[in-house]
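Q: I have a chain open here and want to talk it through. Can you take my questions as they come?

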Amino acid sequence: MERKQTNLSVSVDVTKAKDFLAIIDTVGPFVCLIKTHIDIIEDFDSTVIDRLQELSKKHDFLIFEDRKFADIGNTVALQYSSGVYKIASWAHITNAHAVPGPSIVTGLASIGVPLQRGLILLAEMSSKGALTTGSYTEDAVRMARARRDFVIGFIAQHRMETIGASEGDDLADEDFLVLAPGVGLDAKGDAMGQQYRTPEEVVLACGCDIIIVGRGIYGKSDQLNTESVEEQAKRYRSAGWDAYKKRVSL
Ligand code: 6AU
């Protein structure tokens with residue numbers, strides 16, 4: 001983030017490998033992190049991963065596979081390491097729901113820790129009516145605290161610093177990242193329950209670190225316009241980084 005002066009993560013939710021790679025090559029210079037949903041690519045083969053890794057080196061960003069694991073430890077370890085996608089072999093970061101309890105982290109850590117990967121826990125979701133509130137969010141934060149060798153942060157809508165802490169907990173050296181999806185400068189939401197807030201609200205007012213932006217950058221159209229994608233990436237990068245600089249100088 002510091003090296004590239006950006007706290008923007010672009011979520012590349014498109015179904016054709018060609019569009020997927022074209023968007024990543026266009027936004028690459030402006031992001032710290034590229035977020036993928038690898039299982040929505042219709043013409044996937046292992047060359048997509050080779051190219052993604054080349055772009056990660058070319059543009060100096062990390063890769064975050066948004067897999068949202070949600071099963072028992074043994075199953076998630078297999079899903080993370082094996083199958084068609086072999087996620088652990090290329091994704092620097094992945095994420096998981098807290099719903100199965102600490103064993104999901106144990107299962108993923110058995111694969112991810114030896115590879116020096118990082119895990120993000122979903123503590124709060126952006127969608128309308130999400131059940132990730134109150135004691136659920138607190139327990140997700142406690143699960144992270146118990147595995148700081150592997151859990152590096154949260155998907156959340158607010159800073160999680162003191163959430164779920166008990167008296168006497170030493171939080172002084174705690175430094176979890178908070179990645180916020182549901183960020184848009186133009187729309188307030190979509191027709192399927194997504195809710196958007198601005199980078200200013202998310203980073204400055206609510207203390208999140210990284211903004212995750214998908215359709216706000218590449219739109220909905222089937223016709224990819226890389227000039228417009230580049231313009232929007234620059235716009236979100238400035239909005240996110242300005243809000244971040246304001247927050248850290250407070
Ligand atoms: O900007 P959008 O709405 O086009 O895309 C947001 C992206 C999607 C979601 O799967 C993801 O962010 N997301 C997540 C993540 C990152 O885990 C959690 C959540 O609560 N809301 C959300 O939108 O790829």
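Q: Start with helix 1. Which of its residues are buried?
A: The buried ones are Ala17, Asp19, Phe20, Leu21, Ile23, Ile24, Thr26 and Val27. This is a predicted model, by the way.

Q: How many of its residues is that, out of how many?
A: In helix 1, residues 17-27, 8 of 11 are buried. The helix is mostly covered.

Q: What does the covering?
A: The cover includes two strands and three helices. The strands are strand 1 (8-12) and strand 2 (33-36). The helices are helix 2 (46-59), helix 7 (215-218) and helix 8 (226-248).

Q: And just past that helix, where does Pro29 sit?
A: Pro29 is in the loop between helix 1 and strand 2.

Q: Why is it classed as partly exposed?
A: Its relative accessibility is 37%. Buried needs under 20% and exposed needs over 50%, so Pro29 falls in between.

Q: Which residues does Pro29 touch?
A: Lys4 and His59, once residues up to four places away in sequence are set aside.

Q: How far is Pro29 from Leu204?
A: Their C-alpha atoms are 23 Å apart. Along the chain the two are separated by 175 residues.

Q: Back up a bit. What confidence does the prediction carry?
A: Mean pLDDT for the chain is 95. Of its residues, 99% are at 70 or more. The model's ipTM is 0.99 and its pTM 0.97.

Q: What's the secondary structure count?
A: The chain has 8 helices and 8 strands.

Q: Is it compact or extended for its length?
A: As compact as a globular protein of that length, because its radius of gyration is 17 Å and the globule rule gives 18 Å for 250 residues. The C-alpha trace spans about 55 × 45 × 35 Å along its principal axes.

Q: What share of the chain is buried?
A: Buried residues are 49% of the 250.

Q: And what share of contacts joins residues 24 or more positions apart?
A: They make up 73% of the contacts with a separation of 6 or more.

Q: Now the surface. What area does the chain expose?
A: About 11900 Å². Carbon and sulfur atoms supply 51% of that.

Q: How many charges, and how far apart are their mean positions?
A: There are 28 positive and 35 negative charges. Their mean positions are 2 Å apart.

Q: Switch to helix 4. Which residues are buried there?
A: Helix 4 runs over residues 103-112. It buries Ile104, Val105, Gly107, Leu108, Ala109 and Gly112.

Q: What lies over those?
A: The cover includes strand 3 (62-69), strand 4 (93-97), strand 5 (118-122) and strand 6 (151-155). Helix 3 (73-81) and helix 5 (134-145) are also among the covering elements.

Q: Backbone next. Which phi does Gln5 have?
A: About 55°, which is positive, and Gln5 is not a glycine. Most residues other than glycine have a negative phi.

Q: Where is Gln5, and what's its accessible area?
A: Gln5 is in the segment before strand 1. Its relative accessible area is 35%, so it is partly exposed.

Q: What about the phi of Asp60?
A: It is positive too, near 60°. Asp60 lies in the loop between helix 2 and strand 3. At 31% relative accessibility, Asp60 is partly exposed.

Q: Arg197: buried or exposed?
A: Buried, because its relative accessibility is 17% and the cut-off is under 20%. Arg197 is in the loop between strand 7 (177-180) and helix 6 (199-205).

Q: What is it in contact with?
A: Beyond its neighbours within four places in sequence, Arg197 contacts Gln157, Gly182, Val183, Gly184, Val202 and Cys206. The C-alpha atoms of Arg197 and Gln157 are 9.6 Å apart, with their positions 40 residues apart in sequence.

Q: Last one, Leu171. Where is it, and what does it contact?
A: Leu171 is in the loop between strand 6 and strand 7. Its contacts are Arg145, Glu161, Thr162 and Ala165, leaving aside neighbours within four places in sequence. Leu171 counts as partly exposed, at 24% relative accessibility.

Q: How far is Leu171 from Asp50?
A: The C-alpha atoms are separated by 40 Å. In sequence, Leu171 and Asp50 are 121 residues apart.

Technical notes: Residues are numbered from 1 along each chain as its sequence is written. This is a predicted model: local features need pLDDT of at least 70, side-chain atom pairs count only at pLDDT 80 or more; totals for chains, interfaces and linings use all residues. Side-chain values use heavy atoms; hydrogens and water are left out. pLDDT is the predictor's confidence in each residue, from 0 to 100. Helices (H or I, at least four residues) and strands (E, at least two) are DSSP runs, numbered from the N terminus. The radius of gyration is taken over C-alpha atoms; the globule rule is 2.2 Å times the number of residues to the power 0.38. Buried means under 20% relative accessible area, exposed over 50%, partly exposed in between (1.4 Å probe, protein chains only). Contact means heavy atoms within 4.5 Å. Accessible areas come from the Shrake-Rupley method with a 1.4 Å probe; for residues, only the protein chains shown count as cover. Lys and Arg count as positive and Asp and Glu as negative; His and the chain ends are not counted. The place of a charge is taken as NZ of Lys, CZ of Arg, CG of Asp or CD of Glu.
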